[in-house]
Amino acid sequence: MMSGAGKVVCVTGGSGYIASWLVKLLLQRGFTVKASVRDLNDPKKTEHLVSLDGAKERLHLFKANLLEEGSFDPVVDGCECVFHTACPVFSTVTDPQAELIDAVGKGTLNVLRSCTKVPSLKRVVLTSSMASVSFNIRPLAPDVIIDETWFSDHVFCEESKLWYMLSKTLAEEDAWKFAEEYGIDLVAINPGVVIGPLLQPTLNLTVEFLLNHINGAQTFPNKVYMFVDVRDVALAHIQACEVASASGRYCLVGHVVHIYEALNVLRRFFPALSIPEKCEDDKPPLPKYQVSKEKAKNLCANFTPLEVTLRDTVESLKEKGFLHF
């Protein structure tokens, strides 16, 4: 288990949902972790991290701001792998260019710029998203298989006002260009909708999205989602650092399901929850499609069963006081 003994790695945005799990698993494996948070004096960002096993001895927290050039220099210094998970996430934006597109892109390049100054660096693992893979004009159908060669289409995202998707796509494309130009060994992880138990005390966007479906909603949307367990995502990041042959992008989606299937699972486990039974439109259910697991299995051999992820998510929401039943 202690494969990381003596190795120093960096996690940006350490207090985030995926990052917190990543820090936990890295510490379990014996790594020394340098993690950045936006505010060292905010217990909501630090308390759950400093209480992790191994944190006292091997976790070092730094204050850093994505939009400040050079602020990641001390965080990445002396590391052999940098996990760049920090990303501004907004559900509503008034100025998509400034709030999202510039912020996400600039933040990524600032971190990579700091990485160019680190002689010990072997690899950068970028937390990207299926948002930068699957959004284009092609209709999704059961025979369609999305894989790592897909990139979301700028024009389609702009016209559909999918600002988050556009920001993640541009940021990832810029990262690849920068990595090539500066000879950085970059690996990108592209997870779907990440759910599972929370370590941090605050709600993140993807878990809140699930919560909104079971916390008094009257109807459910006619939509198909790509779910993946946060623990699988964290583990795949570590594998991306440790497996020497890892390269390029990895689509990380455990299950493609219509939302009503996920809600049915929850209904079975938690009969006391008020879960909507009616779709918001009367069209036939949107068809499912496939996401290739061919490449991902090199980093994540077995995805957590959806039932387990859903159950653990709801139990975690209850335990943290976000759900009462």
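This note goes through the cores, cavities and aromatic pairs of a predicted model.

1. Main core. The largest nonpolar core has 67 residues. Val11, Leu26, Val33, Phe83, Phe227 and Leu252 are the members that touch the most others. Helix H1, residues 17-28, supplies the largest share of this core, with nine residues.

2. Second core. Separate from the core above is a second one of 23 residues. Its members include Cys10, Phe72, Cys79 and Val118.

3. Phe83. This residue is one of those with the most contacts to other members of the largest core. Once neighbours within four places in sequence are set aside, Phe83 is in contact with Val9, Cys10, Val11, Thr12 and, further along the chain numbering, Leu22, Leu26, Val125, His237, Ile238 and Cys241. Among these partners, Val11 and Leu26 are also listed with the residues that touch the most other core members. Cys10, another partner of Phe83, is placed in the second core.

4. Val9. Strand E1, residues 8-12, contains Val9. Is Val9 buried or exposed? Its relative accessibility is 0%, so Val9 counts as buried. Not counting residues up to four places away in sequence, Val9 touches Leu26, Phe31, Thr32, Val33, Lys34, Cys79, Cys81 and Phe83. Val76 lies 67 residues from Val9 along the chain, and the C-alpha atoms of the two are separated by 7.7 Å.

5. Largest cavity. The whole structure has two cavities of 30 Å³ or more. The largest holds about 100 Å³ of space and is lined by 13 residues. Which of the lining residues lie nearest the centre of the largest cavity? They are Val104, Thr108, Leu126, Thr127 and Lys168. Helix H5 (96-115), strand E5 (123-127) and helix H7 (163-182) are the elements that give two or more residues to this lining. H7 gives the most, with three residues. By class, the lining of the largest cavity consists of six nonpolar, five polar and two charged residues.

6. Second cavity. The second largest cavity has a volume of about 30 Å³. Its lining is made of Ile195, Phe227, Val228, Asp229, His255, Thr304, Leu306 and Thr309. Two or more of the lining residues come from each of strand E10 (224-229) and helix H11 (306-319). E10 accounts for the largest share, three residues. Four nonpolar, three polar and one charged residues make up this lining. Phe227, one of the lining residues, also appears among the members of the largest core that touch the most others.

7. Phe220 and Tyr260. The structure holds six aromatic pairs. One of them joins Phe220 and Tyr260, with 6.3 Å centre to centre and 40° between the planes, and is tilted. Phe220 belongs to strand E9 (residues 219-220) and Tyr260 to helix H10 (residues 259-269), so the pair ties together parts that are 40 residues apart in sequence. Phe220 is buried, at 8% relative accessible area, whereas Tyr260 is partly exposed, at 33% relative accessibility.

8. Phe270 and Phe325. The ring centres of Phe270 and Phe325 are 5.6 Å apart. Why is this pair edge-to-face? The planes of the two rings stand at 75°, and planes over 60 degrees apart count as edge-to-face. Phe270 sits in the loop between H10 and strand E13 (278-279), and Phe325 in the segment after H11, so the pair links distant parts of the chain, 55 residues apart. Phe270 is buried, with a relative accessible area of 8%; Phe325 is partly exposed, with a value of 32%.

9. Ring cluster. Phe209, Tyr225 and Phe227 are linked into a cluster by ring pairs. Phe227 also belongs to the lining of the second largest cavity.

10. Asn110. Helix H5 contains Asn110. With a relative accessible area of 6%, this residue is buried. Residues up to four places away in sequence left out, Asn110 touches Leu66, Leu67, Glu68 and Glu69. Helix H5 is also one of the elements that give two or more residues to the lining of the largest cavity.

Terms used:
Residues numbered from 1 in each chain as written. Predicted model: local features only at pLDDT ≥ 70, side-chain atom pairs only at ≥ 80, totals over all residues. Heavy atoms only, no water. Core = buried A, V, L, I, M, F, W, Y, C linked by side-chain atoms within 4.5 Å. Buried < 20%, exposed > 50% of the residue type's maximum accessible area, 1.4 Å probe, protein only. Helix = DSSP H or I, 4+ residues; strand = E, 2+ residues; numbered from the N terminus. Contact = heavy atoms within 4.5 Å. 1 Å grid on protein atoms, 1.4 Å probe; cavity = no way out; pocket = protein on both sides within 12 Å on 5 of 7 lines; lining within 4 Å. Points joined across faces, edges and corners; volume = space filled by probe spheres on them. Nonpolar A, V, L, I, M, F, W, Y, C, P; charged D, E, K, R; others polar. Phe/Tyr/Trp six-rings, centres within 6.5 Å; stacked < 30°, edge-to-face > 60°.
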